[in-house]
Amino acid sequence: MTERSLVLVKPDGVERNLIGAVLSRIETKGYRIAELRMLTPSREILEQHYAEHAGKPFFEPLVRFMGSGPVVAAVIEGDRCIEGLRTIMGPSEPTTAPAGTIRGDLGRDWGEDVQKNLVHGSDSPESAQREIGIWFG
Ligand code: IDP
Ligand code: MG
């Protein structure tokens, strides 16, 4: 089933010149970039985007990190791409993410106050629809 997912290249990915590497892996997998923009997100966008994590200890540092510089936001389209993108990104923590995944191959930093795992991908069709509205509404 053709789906749409919201992908972000986070500020660490942009700063490390990995926009092309990340988008290349997504395109090579066979997914299509349907929309693309680069912006430094406002606190309001980030609070909406990460609403499910409000109140958690890493919420404030996460919002601060995500607003610290430009990010690339993309709408990605493809057959079962929501699950597929999560697979090619790997689990949240780069140190333990399997080799072959974006986070496992390209990421490293992680700690209570460090959220640098390069990418975001929507985790369900409901999240995707909500997040696409936030970033491209
Ligand atoms: P996901 O990005 O793999 O879906 P989520 O659990 O939705 O992971 O968390 C959103 C983001 O918040 C993560 O990508 C990461 O940047 C940060 N994060 C999540 N859990 C922690 C944590 O325990 N410590 C620090 N940062 C975290
Ligand atoms: Mg998530």
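## A walk through the fold, the ligand site and a covered helix

Start with the whole protein shown as a surface: it comes to about 7000 Å² of accessible area, and 49% of that belongs to carbon and sulfur atoms. Keep in mind as you go that this is a predicted model.

**Stop 1: the whole chain**

Switch to cartoon and colour from the N terminus. You should be able to pick out seven helices and four strands. Following the chain from its N terminus, the elements come in the order β-α-α-β-α-α-β-α-α-β-α. The radius of gyration is 14 Å, close to the 14 Å that the globule rule gives for 137 residues, so the protein is as compact as a globular protein of that length. If you want the dimensions, the C-alpha trace spans about 35 × 35 × 25 Å along its principal axes.

Now colour by burial. Of the 137 residues, 48% count as buried. How much of the contact network links residues 24 or more positions apart? Such pairs make up 76% of the contacts with a separation of 6 or more.

**Stop 2: ligand 1**

Select ligand 1 and show what surrounds it. There are 13 residues around the ligand, and Lys10, His53, Arg86, Ser92 and Asn117 come nearest.

Next, put some distances on screen, working from the oxygen atoms of ligand 1:

- Ser92 has a polar side-chain atom 2.6 Å from a ligand oxygen.
- Arg103 places an N or O atom of its side chain 3.1 Å from an oxygen of the ligand.
- Gln115 takes part through its backbone, with a polar atom there 3.2 Å from a ligand oxygen.

How much of ligand 1 does the protein bury? On its own the ligand exposes 520 Å², and the protein buries 80% of that.

**Stop 3: His120**

Hop over to His120. UniProt lists this residue under "active site", in an unreviewed entry. In the cartoon, His120 sits in strand β4, residues 119-121. Is His120 buried or exposed? Its relative accessible area is 11%, so His120 counts as buried.

Show everything that touches His120 and, leaving out residues up to four places away in sequence, you get Leu6, Val7, Leu8, Lys10, His49, Tyr50, Met89, Arg103 and Glu131. Two names there should ring a bell from the previous stop: Lys10, listed among the residues that come nearest to ligand 1, and Arg103, whose side chain has the 3.1 Å pairing with a ligand oxygen.

**Stop 4: helix α4**

Now select residues 59-66, which form helix α4. This helix is mostly covered, with six of its eight residues buried. Which ones? Phe59, Pro61, Leu62, Val63, Phe65 and Met66 are the buried set. Add β1 (2-9), α1 (11-15), α3 (43-49) and β3 (71-79) to the view, and you have the elements that the buried residues of α4 pack against.

Zoom in on Leu62. With a relative accessible area of 4%, Leu62 is buried. Setting aside neighbours within four places in sequence, Leu62 is in contact with Tyr50 and Gln115. Tyr50 also turned up among the residues touching His120, and Gln115 is the one whose backbone approaches a ligand oxygen at 3.2 Å. For a sense of scale, draw a line from Leu62 to Arg103: they are 41 residues apart along the chain, and their C-alpha atoms are separated by 17 Å.

Then move along the helix to Phe65. At 11% relative accessibility, Phe65 counts as buried. Outside its sequence neighbourhood of four places, Phe65 touches Lys10, Pro11, Asp12, Gln115 and Lys116. So Gln115 appears in the contacts of Phe65 as well as those of Leu62. Another line to draw runs from Phe65 to Tyr31: 34 residues apart in sequence, they stand 28 Å apart in space, C-alpha to C-alpha.

**Stop 5: two loop residues with positive phi**

Finish with the backbone. Select Asn17, in the loop between α1 and α2 (19-29). Asn17 has a positive phi of about 60°, although it is not a glycine. At 69% relative accessibility, Asn17 counts as exposed.

Then go to Arg80, in the loop between β3 and α5 (81-89). Arg80 also has a positive phi, near 50°, in a residue other than glycine. Where Asn17 is exposed, Arg80 is partly exposed, with a relative accessible area of 49%.

Conventions: Residues are numbered from 1 along each chain as its sequence is written. Chains are lettered from A and ligands numbered from 1 in the order in which they are written. This is a predicted model: local features need pLDDT of at least 70, side-chain atom pairs count only at pLDDT 80 or more; totals for chains, interfaces and linings use all residues. Side-chain values use heavy atoms; hydrogens and water are left out. UniProt positions are given in the numbering used here, feature names are shortened, and annotations may be inferred rather than shown by experiment. Buried means under 20% relative accessible area, exposed over 50%, partly exposed in between (1.4 Å probe, protein chains only). Contact means heavy atoms within 4.5 Å. A residue is near a molecule or strand if one of its heavy atoms lies within 4 Å of it. A polar contact is a pair of N or O atoms within 3.5 Å; within protein, one must be able to donate a hydrogen and the other to accept it, and residues adjacent in sequence count only if both atoms are side-chain atoms. Accessible areas come from the Shrake-Rupley method with a 1.4 Å probe; for residues, only the protein chains shown count as cover. The radius of gyration is taken over C-alpha atoms; the globule rule is 2.2 Å times the number of residues to the power 0.38.
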